[in-house]
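Hello,

Here is the structure I promised to pass on. Please open it first, then read my notes below.

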Amino acid sequence: MSFAVTRDNEDFLYQQVIALIRQMRDDQTISPGEKLPSLRGLASKLQVSVPTVKQGYEELERLGEIEARPKSGYYLIHDNEQRATPRRIRTAKKPVTVRKQSLIEQVYQAIHEPGVLPLGVANPVAAYPSDKMLARTMRRVMSKGGPKTIGYGPMDGYPQLKRQLAFRYLDFGLKVDPDDLLITNGAQEALAIALQTVAKAGDIVAVESPVYFGIVELIESLGMMAYELPLGADEGILLDDLTQAINQQPIKACIVSTSISNPMGSFMSDDNRKALVKLLEANNIPLIEDDVYSDLYFTEKRGIPAQGYSSKGLVITCASFSKTAAPGYRIGWMITPKFIEQAKRIKRALSCGSSTINQWTMSEFVASGDYDRNMHHLRRILLQNRDRMVAAVKKYFSADVRVSNPKGGGVLWVELKPGTDTTVLFHKALEHNISIAPGTIFSPSNRYKHCFRISYGLEWTEAIERAVETLAQLYSKL
Ligand SMILES: Cc1ncc(COP(=O)(O)O)c(C=O)c1O
């Protein structure tokens, strides 16, 4: 038998109290409607302070899992409010030409309006910012590196950073050659280069649906066509859908969030990832894997990049530090043993390289261990925020509203009743200084008009809870 709550555990004591109550609920030591142990009684049994137990109970109360009854104590509530997750769409009949830029531009603008609560942006780092640590690191780098830190660096990236990144892939058993790795300006540039490497204007690119709107915009600006593969709330795309698409359309490339998707938050299992690579490579179709969220997993372990399953070299991995450390540094990378020379040529033509000082700083940040420590805390806080956001949506929105159950990342996907127009909700919410991301920007073919994405990647405050309440009120009046 182990201690239920222990100081050796890396979770806070109050979080262990929460875990203990949930475990007691799950193994039916206490049943819905029953009274929980008193604050004092449990504190004495666990040998922790009364405020620690109270903090745990209050958090559970906020999450809607227990309730406080005046002069009586805390009770486990009946969970008759289990929400359904958003539905998978029907498979697409044909590829579409994309026209989305104006609404996407409005969403970007809204995020930066002064005084607006930016629930429309996927910026998980804001939940646990690393700015102070990075500032210290950058000062150190500048005094050590002098003028070199402000000079042009090698076009394909700061060599030390490339070696570190390659080394980190060894954790998944992947032997990456630093020469096959190109540093880019964020994952967005990596995706842009990858797409231009393997496809041209007029080609059909298969994408998951709903899909991150940056990819929608990229396909539009490159004049390509998009073919949508329906995404479920738990797993990624279905391989049957992809097989059907390949049989019916001349698919030139496929872009998939091989780990955690945005906006759905679904998680593709290692087995499915392996099968996906096998299917695409058997048909000589390159896979562009968007791996930006894979380190922010809530699952037992991180997914192995699809790159690890490639036998023909047709997988191009795109990732960045934007979701785990510093989106403003704009440091991403791509790995492609097969297409590296074309990719370098495009990178050279586009931007000649990425910021020297930012790469150098990030390299020191990783080498010091601060990056991993920070990310560990970030993941924990995001998980807590996810539960809070799900609870807030359940509390304020009517029971027919569906919510995703993200397996990682920092956003929630909400499905309202069919017929609702979340572009109207987006504009009305802005009048209340709240930004959200309306559903249609996540589909090349204007689906998801009745859905929206909301971020929990922020420092949690009462204002967020109030914003969800306001959104629910606006929705009820639409
Ligand atoms: C799924 C996905 N891919 C790529 C990107 C682009 O990342 P970066 O900021 O590193 O360019 C984002 C950013 O929101 C994203 O959510």
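The centres of domain 1 and domain 2 are 43 Å apart, taken over C-alpha atoms. Domain 1 covers residues 13–76, and domain 2 covers 147–369. Keep in mind that this is a predicted model.

Now the ligand. Which pocket, by size rank, does the ligand take up? The ligand fills the space of the second largest pocket. Around the ligand are 13 residues. Asn 262, Asp 290, Ser 320, Ser 322 and Lys 323 are the closest. By type, the shell holds 5 nonpolar, 5 polar and 3 charged residues. Which helix gives the most to this shell? That is helix 7, residues 186–198, with 4 residues.

Three polar contacts are worth finding on screen:

- Asp 290: a polar side-chain atom sits 2.6 Å from a nitrogen atom of the ligand.
- Arg 330: a polar side-chain atom is 2.8 Å from an oxygen atom of the ligand.
- Ala 187: here a polar backbone atom is the partner, 2.8 Å from an oxygen atom of the ligand.

How much of the ligand does the protein bury? On its own, the ligand exposes 400 Å². The protein buries 93% of that.

Next, the backbone. Most peptide bonds are trans, and most residues other than glycine have a negative phi. Three places here are worth a look against that background.

Ser 209 and Pro 210 are joined by a cis peptide bond, with omega about 5°. Pro 210 belongs to the loop between strand 6 (204–209) and helix 8 (213–221).

Asn 262 and Pro 263 are also joined by a cis peptide bond, with omega about 15°. Where is Pro 263? Look in the loop between strand 8 (251–256) and helix 10 (270–282). Asn 262 has come up already, among the closest residues to the ligand.

The last place is Asn 433. Its phi is positive, about 60°, although Asn 433 is not a glycine. Asn 433 lies in the loop between helix 14 (422–431) and strand 14 (434–435).

For a first pass, begin with Asp 290 and its 2.6 Å contact to the ligand. Then turn to the cis bond between Asn 262 and Pro 263.

Best wishes

Technical notes
Residues numbered from 1 in each chain as written. Predicted model: local features only at pLDDT ≥ 70, side-chain atom pairs only at ≥ 80, totals over all residues. Heavy atoms only, no water. Near = heavy atom within 4 Å. Polar contact = N/O pair within 3.5 Å; in protein donor to acceptor, adjacent residues only side chain to side chain. Areas by Shrake-Rupley, 256 points an atom, 1.4 Å probe, with all protein chains shown as cover. 1 Å grid on protein atoms, 1.4 Å probe; cavity = no way out; pocket = protein on both sides within 12 Å on 5 of 7 lines; lining within 4 Å. Sits in = over half its atoms within 2 Å of the grid points. Helix = DSSP H or I, 4+ residues; strand = E, 2+ residues; numbered from the N terminus. Nonpolar A, V, L, I, M, F, W, Y, C, P; charged D, E, K, R; others polar. Domains from an automatic or database assignment.
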